[in-house]
Amino acid sequence: MDMLCIRWVSASGTASSECAIVMEVWGSGAVLQTEIEIPEDAILTLAAPNGPVRAKVTACERDDYGFLIQMSVDPSERWFPDSYCPPDLLPSSSD
């Protein structure tokens, strides 16, 4: 697991930020765990080690520890593994 700082603007125009736990990551998105609910379709800015990355929230579900946020990243953002790669990455089953 790893953590990333994320920012977004609510529908009312209020800027918010949160540190999120990266639960899963793949080439076009990720699942993050947060303490705050982030609405579907919100645009996130992730503070990735190699520069900021924009993503869209595609789902937000409550769990026992907060909220699981599924996000989608546009391929032009070059998200994983270019902008972000967790320090302890397990190989995929195809490797």
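**Salt bridges and strand pairing**

K56 and D41 form a salt bridge, with their closest N and O atoms 3.6 Å apart. This pair ties together distant parts of the chain, the two residues being 15 residues apart. K56 sits in strand β5 (residues 51-63), while D41 belongs to the loop between β3 (29-34) and β4 (43-48). As for solvent, K56 is partly exposed, at a relative accessible area of 38%. D41 is partly exposed too, with a value of 48%; that figure stays under the 50% above which a residue would count as exposed, so D41 falls in the in-between class.

The structure is a predicted model, and in it the salt bridges number 2. The other one pairs R78 with D82, where the closest N and O atoms lie 3.1 Å apart. Here R78 does count as exposed, because its relative accessibility of 53% is over the 50% cut-off. Its partner D82 is partly exposed, with a relative accessible area of 37%. In general, side chains of opposite charge can pair when their charged atoms come close.

On to the strands. Strand β1 (residues 2-9) and strand β2 (residues 15-26) run antiparallel and are joined by 8 bridges. Within this pairing, W8 stands opposite S16 in β2. The two strands make a hairpin with 5 residues between them, and G13, which lies in the turn, has a positive phi of about 95°.

Strand β2 also pairs with β3, again in antiparallel fashion, through 5 bridges. Here too the connection is a hairpin, with 2 residues joining β2 to β3. One of the bridge partners can be named: W26 is matched with G29 in β3. Strand β2 is thus bridged to β1 and to β3. As a rule, the side chains in a regular strand alternate between the two faces of the sheet.

How confident is the predictor in all this, and where is confidence lowest and highest? For the protein overall, the mean pLDDT is 90, and 93% of the residues reach 70 or more. Confidence is highest in strand β6 (residues 66-72), with a mean of 98. Helix α1 (residues 79-83) has the lowest, at a mean of 89. Where pLDDT is low, the predicted coordinates should not be read in detail.

Key
Residues are numbered from 1 along each chain as its sequence is written. This is a predicted model: local features need pLDDT of at least 70, side-chain atom pairs count only at pLDDT 80 or more; totals for chains, interfaces and linings use all residues. Side-chain values use heavy atoms; hydrogens and water are left out. A salt bridge is a side-chain nitrogen of Lys or Arg within 4 Å of a carboxyl oxygen of Asp or Glu. Helices (H or I, at least four residues) and strands (E, at least two) are DSSP runs, numbered from the N terminus. Buried means under 20% relative accessible area, exposed over 50%, partly exposed in between (1.4 Å probe, protein chains only). pLDDT is the predictor's confidence in each residue, from 0 to 100. Two strands pair if DSSP finds at least two bridges between them.
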